[in-house]
Amino acid sequence: MVAEGTDHPSTDDTPRPEPERTGTDRPATDTSTGTDAATGTGTGTGTTGTDAGRTDDAKIAAAVAAAEAAAPANGESVRIDSWIWSVRLVKTRSLGAAACKGGHVRVNGERVKPAHSVRIGDEVRLRNEGRERVVVVKRLIRKRVGAPVAAQCYIDNSPPPPPREAVAPAGLRDRGAGRPTKRDRRELERLRGLGAPGWPAGPGGGPGPASGGRGRAGGR
């Protein structure tokens, strides 16, 4: 005789649903960075500073290639007036030649003529537009190039430019100051270089009239 419900355990073959996992059971993943929140690891692919560095290197490489393309052929020399114009130290080649003729260009401490041949390693000093430029020749070019390419052709050792207040043009008067007096005119002429040594002095130490001219009271 079989006892009911005591000798054999009841068997239920019906499948039971699995319990739903909560936020603590399943690992969370940060979709913005691709990092597992539980372990702190992941394979995020964000932009780093190395990409910007590669871009700068590519720009420098392109500038160097452009400078090499503007270099002279083997055995050819480069004039100093042409070089300072090519690297944008002066605006035109004629201004470069005029600066050399006026003694405003020195190579290794010596004044040079426009046809002077420049070499790599030379120190070039140039005074232009009220500023002194001191550069060391790094590459020889004979064609005018852009500013980024020109910067690859020399080492700039120039002093900082003077403040704008220190380069005010001489001879400017304040508005409403009226007509200049004789003393003011003498000062303006001295600033403009009319009172240089050898210039005939007039009354009061100022520059006199040009030779051959008539005086104010005589000559009639």
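Colleague: Which residues does Trp 83 touch, not counting residues up to four places away in sequence?

Modeller: Trp 83 touches Val 78, Leu 89, Val 118, Val 124, Val 135, Val 137, Arg 139, Leu 140, Ile 141, Cys 153 and Tyr 154, where contact means heavy atoms within 4.5 Å. This is a predicted model, in which local features need pLDDT of at least 70, side-chain atom pairs count only at pLDDT 80 or more, and totals for chains, interfaces and linings use all residues. Residues are numbered from 1 along each chain as its sequence is written, and side-chain values use heavy atoms, with hydrogens and water left out.

Colleague: How many helices and strands does the protein chain have?

Modeller: The protein chain has five helices and nine strands, taken as DSSP runs numbered from the N terminus (helices H or I, at least four residues; strands E, at least two). Their order along the sequence is β-β-α-β-α-α-β-β-β-β-β-α-β-α. Among contacts between residues at least 6 apart in sequence, 43% join residues at least 24 apart.

Colleague: Why is Cys 153 called buried?

Modeller: Buried means under 20% relative accessible area, exposed over 50%, and partly exposed in between, with a 1.4 Å probe and protein chains only. Cys 153 has 0% relative accessibility and is therefore buried. Cys 100, at 4%, is buried as well. Of the 220 residues of the protein chain, 20% count as buried.

Colleague: How many disulfides does the structure hold?

Modeller: The structure holds zero disulfides. A disulfide is a pair of cysteine sulfur atoms within 2.5 Å, so the count of zero follows from the absence of any such pair.

Colleague: Which residues of the largest nonpolar core touch the most other members?

Modeller: They are Ile 80, Trp 83, Val 105 and Val 124, in a core of 27 residues. A nonpolar core is a set of buried Ala, Val, Leu, Ile, Met, Phe, Trp, Tyr and Cys residues joined through side-chain atoms within 4.5 Å. At least two residues of this core come from each of α1 (49-69), α2 (80-86), α3 (93-101), β4 (105-107), β7 (123-128), β8 (131-137) and α4 (147-150). The largest share, three residues, is supplied by α2.

Colleague: Which residues line the second largest pocket?

Modeller: The lining consists of Arg 88, Leu 89, Val 90, Lys 91, Asn 128, Glu 129, Arg 131, Arg 133 and Arg 144. A pocket is an open set of points on a 1 Å grid over the protein atoms alone where a 1.4 Å probe fits, with protein on both sides within 12 Å along at least five of seven lines; lining residues have an atom within 4 Å of a point. The pocket holds about 210 Å³, a volume being the space filled by probe spheres set on the grid points, which are joined across faces, edges and corners.

Colleague: What is the division of this lining into nonpolar, polar and charged residues?

Modeller: The lining has two nonpolar, one polar and six charged residues. Ala, Val, Leu, Ile, Met, Phe, Trp, Tyr, Cys and Pro count as nonpolar, Asp, Glu, Lys and Arg as charged, and the others, Gly among them, as polar. Leu 89 and Val 90 are therefore nonpolar, and Asn 128 is polar.

Colleague: Is the lining residue Arg 133 buried or exposed?

Modeller: Arg 133 has a relative accessible area of 15% and is therefore buried. Arg 133 belongs to strand β8 and, apart from residues up to four places away in sequence, touches Leu 89, Val 124, Arg 125, Leu 126, Tyr 154, Asp 156 and Ser 158. The C-alpha atoms of Arg 133 and Asp 156 are separated by 7.8 Å, with their positions 23 residues apart along the chain.

Colleague: Why is Arg 144 called partly exposed?

Modeller: Arg 144 has 31% relative accessibility and so counts as partly exposed. Arg 144 lies in the loop between β8 and α4. Leaving aside neighbours within four places in sequence, Arg 144 contacts Trp 85, Ser 86, Arg 88, Val 90 and Lys 91.

Colleague: What is the phi of Arg 88?

Modeller: Phi of Arg 88 is near 70 degrees, a positive value in a residue other than glycine. Arg 88 lies in the loop between α2 and α3 and, at 40%, is partly exposed.

Colleague: What makes Lys 113 count as exposed?

Modeller: The relative accessibility of Lys 113 is 66%, so Lys 113 is exposed. Lys 113 sits in the loop between β5 and β6 (117-118) and, neighbours within four places in sequence aside, is in contact with Ile 80 and Cys 100.
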